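Work through the exercises below with the sequence and the model side by side. Try each task before reading its solution.

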Amino acid sequence: MSSTKALRSVTRERLMDGVVIPAHPLALDSSRKLDERRQVALTRYYCESGAGGIAVGVHTTQFEIRETKYGLYQPVLELAAKTMDACEAERDRGLIRVAGIAGKTHQAVAEAEMAAELGYHLGLVSLAALSDASNEERITHMRAIAEVFPVFGFYLQPSVGGCRLDFEFWREVVEIENLIGIKMAPFNRYETLNVLRAVYESGRAGEIALYTGNDDNILVDLASEFRFSEEAEPLRIRGGLLGQWAVWTHQAVKDLQAVKAERRSGLSKELLTRAHQLTDANAAIFDVANGFAGCIPGIHEILRRQGLLEGRWCLDPQEELSLGQMEELDRIHAAYPSLNDDKFVRENLDRWLS
């Protein structure tokens with residue numbers, strides 16, 4: 001087996017086991033320039049929280065980092081890779097490195113090549129730039145990226161820039177040999193089932209790692225078994241690659257461990273109750289009441305309160321908390337203290353920032 005295939009095999013094995021993969025935010029200073037010190041602190045926070053991987057250059061990192069006027073795509077991926085190198089050396093534990101891949105095919109392939117050179121293991125492919133394309137064009141696009149390095153399929157909800165991807169699309173995508181995972185984030189039960197059924201019908205359920213990106217349904221997704229006939233072997237969603245897990249990550253790792261334990265012993269009422277509490281918290285953080293307009297600032301505000309970020313600043317000055325969102329964040333923080341990891345952050349923050 002070549003070193004590349006061996007690496008892919010190890011990555012697939014760890015993905016199939018199921019890990020927490022936070023979607024990495026972008027730390028900016030008051031001038032809306034990259035705050036490298038806090039960007040590094042965030043990466044270290046995820047590593048030491050017990051995350052099994054980190055996704056960089058994705059929606060939570062702000063897609064605008066690719067624009068020429070910012071020129072942040074490569075610097076942000078490079079900084080995260082170097083920090084992960086250091087964390088791995090200190091703790092002797094590998095991290096699955098996921099790079100967000102976006103744009104038309106020429107741009108997407110170039111991003112994939114860059115990410116591969118920086119040591120990333122696979123690319124989470126956004127098809128937002130192909131919203132008007134046919135399934136055939138989208139499949140061709142995915143195959144071109146898969147020629148460069150392993151692919152993580154991505155169903156991004158239309159509310160934040162994604163496009164509808166039907167069953168026929170997924171049924172073809174899962175035949176791409178170098179597709180080793182799929183993140184399902186349509187925030188829609190019907191569409192999520194379409195992806196799962198496509199994987200089931202392909203016969204590749206044992207090869208493709210299914211990950212939830214449905215921040216509105218995290219624990220229920222992870223705890224469920226999916227059967228597409230009464231005699232069929234169940235499919236499971238193995239782990240999560242989530243914007244919600246960009247905050248309170250240390251607690252998210254504990255939640256995934258608890259779900260894995262309950263898969264063996266049977267689901268408890270307590271887990272289902274916690275699942276709905278987490279969804280309520282996510283509604284405030286992601287600003288569901290206003291069509292997700294304050295999603296990224298909501299994540300930033302939680303991290304600001306913990307001291308990991310200095311402010312909520314986004315690249316777009318118009319991107320801020322919505323009216324009433326701050327009060328909702330106050331409410332869920334007070335209502336569900338067991339969801340946060342404030343104590344863990346407080347105990348380690350000075351070291352991460354040093």
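Two residues are in contact when they have heavy atoms within 4.5 Å of each other. The model is predicted, so local features need pLDDT of at least 70 and side-chain atom pairs count only at pLDDT 80 or more, while totals for chains, interfaces and linings use all residues. Residues are numbered from 1 along each chain as its sequence is written, and side-chain values use heavy atoms, with hydrogens and water left out.

**Exercise 1. Find where Leu118 lies and which residues it is in contact with, leaving aside neighbours within four places in sequence.**

Step one is to place the residue: Leu118 sits in the loop that runs between helix H4 (105-117) and strand E4 (122-125). Helices (H or I, at least four residues) and strands (E, at least two) are DSSP runs, numbered from the N terminus.

Step two is to list the partners: once neighbours within four places in sequence are set aside, Leu118 is in contact with Gln74, Leu77, Glu78 and Ala81.

Step three is a distance: between the C-alpha atoms of Leu118 and Ser49 there are 23 Å in space, and the two residues are 69 apart in sequence.

**Exercise 2. Compare the expected span of helix H2 (residues 36-49) with the distance between its end C-alpha atoms, then decide which of its residues are buried.**

The expected span of a helix is 1.5 Å times one less than its number of residues. For the 14 residues of H2 this rule gives 20 Å, and the end C-alpha atoms are 20 Å apart, which agrees.

Next comes burial, where buried means under 20% relative accessible area, exposed over 50%, and partly exposed in between (1.4 Å probe, protein chains only). Eleven of the 14 residues of H2 are buried, so this helix is largely enclosed by the rest of the structure. Among them are Arg38, Leu42, Tyr45, Tyr46 and Cys47. The cover over the buried residues of H2 includes strand E1 (20-22), strand E2 (53-56), helix H3 (73-91), H9, H11 and helix H13 (342-353).

Finally, look just past the helix: H2 is followed by Gly50, which has a positive phi, near 100°.

**Exercise 3. Repeat the reasoning for helix H7 (residues 189-202), and name the elements that its buried residues pack against.**

The span check comes out in agreement, since the 14 residues of H7 should span 20 Å and its end C-alpha atoms are 20 Å apart. The buried residues of H7 are Glu191, Thr192, Asn194, Val195, Leu196, Ala198, Val199 and Ser202. These residues pack against E5, helix H6 (167-173), E6 and strand E7 (209-212).

A general rule helps in reading such a list: an α-helix has 3.6 residues a turn, so residues three or four places apart point the same way.

**Exercise 4. How many salt bridges does a search of the whole structure find, and which residues does Asp17 touch?**

A salt bridge is a side-chain nitrogen of Lys or Arg within 4 Å of a carboxyl oxygen of Asp or Glu. The search finds 24 of them in the whole structure. In one, the side chains of Asp17 and Lys260 meet with N to O at 3.5 Å. This pair links distant parts of the chain, with Asp17 in helix H1 (residues 3-17) and Lys260 in helix H9, 243 residues apart. Residues up to four places away in sequence not being counted, Asp17 touches Arg238 and Lys260.

Another salt bridge joins Glu175 and Arg171 at 2.6 Å, N to O. Glu175 is partly exposed, with a relative accessible area of 40%, and Arg171 is also partly exposed, at 24%. A network of salt bridges links Glu301, Arg304, Arg305, Arg312, Glu320 and Asp330.

**Exercise 5. What volume does the largest cavity have, and which residues lie nearest its centre?**

On a 1 Å grid over the protein atoms alone, a cavity is a set of points where a 1.4 Å probe fits but cannot get out, and lining residues have an atom within 4 Å of a point. The largest cavity has a volume of about 180 Å³, a volume being the space filled by probe spheres set on the points. Its lining has 21 residues, of which His59, Thr60, Leu156, Lys183 and Asp215 lie nearest the centre.

Key
1 Å grid on protein atoms, 1.4 Å probe; cavity = no way out; pocket = protein on both sides within 12 Å on 5 of 7 lines; lining within 4 Å.
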